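These are my notes from an afternoon with one structure. I kept them in the order in which I looked things up.

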Amino acid sequence: MGLLDDWLPSSLARHGDPTRPSVTLSYAQSLDGSIALHRGEPLALSGPDSQKLTHQLRAAHEAILVGIGTVLSDDPRLNVRLVAGQNPQIVVLDSQLRLPLTASMLIDSKPHVFCVASASREAQRKLEQAGAVVERQSDPAAPQVELPKMLARLKQKGIRSLMVEGGGRVISSFLSENFVDRVVITVAPQYVGGYKALVLPLVVMPEIRNAQVKKFGKDYVIWGEVGRETR
Ligand SMILES: NC(=O)c1ccc[n+]([C@@H]2O[C@H](COP(=O)([O-])OP(=O)(O)OC[C@H]3O[C@@H](n4cnc5c(N)ncnc54)[C@H](OP(=O)(O)O)[C@@H]3O)[C@@H](O)[C@H]2O)c1
């Protein structure tokens, strides 16, 4: 069964929760589960074939989400330049509006940036001038962006599918709050011994049902749906 032409469309179509978009978690890791050597530094793990797959996956989703940690370290553009297709709507979790006005994503997109109630109004004004759409959450006690409200807001805006690309803290939040419907993980056959995909112990340990694997160039891509009974 092909990942992109068969499994992903039918898996996205099966999504049954009307309150939020369907969520695909996708990132690249080493054999030991590292996504970077040091937190806050980019590390190229995927080869050209799996990178192209990542861009195809982006094009198959309506939105793509990263944490501000990834923006500050990698300065990603999060577009689909390696393939034909539409760029997804960019979403950034950025409680205190630290997104730099020089971020590459501001050049050719209008990211939706979620922040908490206490975030600077001045930073909001500057980011909006630069093209971002700032979504301020209302709970004055929340230290970070609240995922359930953020996901409900995206759904309200008409976004039905969301690809979550990282980094470690965001991956950990989505898994620990049980918001991952499926995963597409690139495993690069190398050891790194660095910053891991999971930075929190999980209470519920999601299992991937009927996981499939295929070689893309030098890398192995594993995909499957998160088992419903573990949620
Ligand atoms: N190999 C890969 O596929 C891959 C992909 C992406 C990133 N990375 C690597 O991952 C590293 C960055 O990871 P990271 O863990 O430092 O940063 P991250 O997960 O990208 O961003 C984490 C930050 O997002 C903000 N945030 C707001 N609401 C949140 C919530 N509910 N849950 C989690 N985070 C929330 C927090 O900062 P505030 O409190 O300031 O909002 C938090 O510190 C970099 O080294 C990057 O190269 C690797």
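**Entry 1: surface.** I began with the outside of the protein, which exposes about 11,100 Å². Carbon and sulfur atoms supply 53% of that area. I also wrote down that this is a predicted model.

**Entry 2: overall size.** I looked up the box that the C-alpha atoms fill, and along the principal axes it is roughly 50 × 35 × 35 Å. Next I checked the radius of gyration, which is 17 Å for the protein. A compact globule with 231 residues would have a value near 17 Å, so the two agree.

**Entry 3: inside and contacts.** I asked what share of the 231 residues counts as buried. The figure is 51%. Then I took the contacts between residues at least 6 apart in sequence, and found that 70% of them join residues at least 24 apart.

**Entry 4: charges.** I noted 27 positive and 23 negative side chains. The centres of these two sets lie 2 Å apart.

**Entry 5: secondary structure.** I listed the elements and got 7 helices and 11 strands. I picked helix α2, residues 48-59, for a closer look. Its 12 residues reach 17 Å from the first C-alpha to the last. The expected span, at 1.5 Å a residue, is 16 Å, and the helix comes close to that. Which residues of α2 are buried? I found S50, L53, T54, H55, L57 and R58.

**Entry 6: backbone angles.** I went through the backbone for unusual angles. Most residues other than glycine have a negative phi, and most peptide bonds are trans. I therefore wrote down the exceptions below, with the general rule in mind.

- L78 has a phi near 55°, a positive value in a residue other than glycine. I placed L78 in the loop between α3 (68-74) and β4 (89-93). The relative accessible area of L78 is 2%, and under 20% counts as buried, so L78 is buried.
- L97 is not a glycine either, yet its phi is positive, about 55°. I found L97 in the loop between β4 and α4 (105-108). With a relative accessible area of 7%, L97 is buried.
- G166 and G167 are joined by a cis peptide bond, with omega about 0°. G167 lies in the loop between β7 (161-166) and α7 (168-176).

**Entry 7: Q137.** I turned to Q137, in the loop between β6 (133-136) and α6 (147-156). Is Q137 buried or exposed? Its relative accessibility is 9%, so Q137 counts as buried. I then looked up what Q137 touches, leaving out residues up to four places away in sequence. The list runs F114, C115, V116, A117, Q144, V145, E146, K149 and M150.

**Entry 8: R153.** My last stop was R153, which lies in helix α6. At 32% relative accessibility, R153 counts as partly exposed. The class follows because 32% falls between the cut-offs of 20% for buried and 50% for exposed. Leaving out residues up to four places away in sequence, I found that R153 touches F114 and E135. F114 had also come up in the list for Q137. I then looked up how far apart the C-alpha atoms of R153 and R20 are. They are separated by 8.0 Å, with the two residues 133 apart along the chain.

Definitions and conventions
Residues are numbered from 1 along each chain as its sequence is written. This is a predicted model: local features need pLDDT of at least 70, side-chain atom pairs count only at pLDDT 80 or more; totals for chains, interfaces and linings use all residues. Side-chain values use heavy atoms; hydrogens and water are left out. Helices (H or I, at least four residues) and strands (E, at least two) are DSSP runs, numbered from the N terminus. The expected span of a helix is 1.5 Å times one less than its number of residues. Buried means under 20% relative accessible area, exposed over 50%, partly exposed in between (1.4 Å probe, protein chains only). The radius of gyration is taken over C-alpha atoms; the globule rule is 2.2 Å times the number of residues to the power 0.38. Contact means heavy atoms within 4.5 Å. Accessible areas come from the Shrake-Rupley method with a 1.4 Å probe; for residues, only the protein chains shown count as cover. Lys and Arg count as positive and Asp and Glu as negative; His and the chain ends are not counted. The place of a charge is taken as NZ of Lys, CZ of Arg, CG of Asp or CD of Glu.
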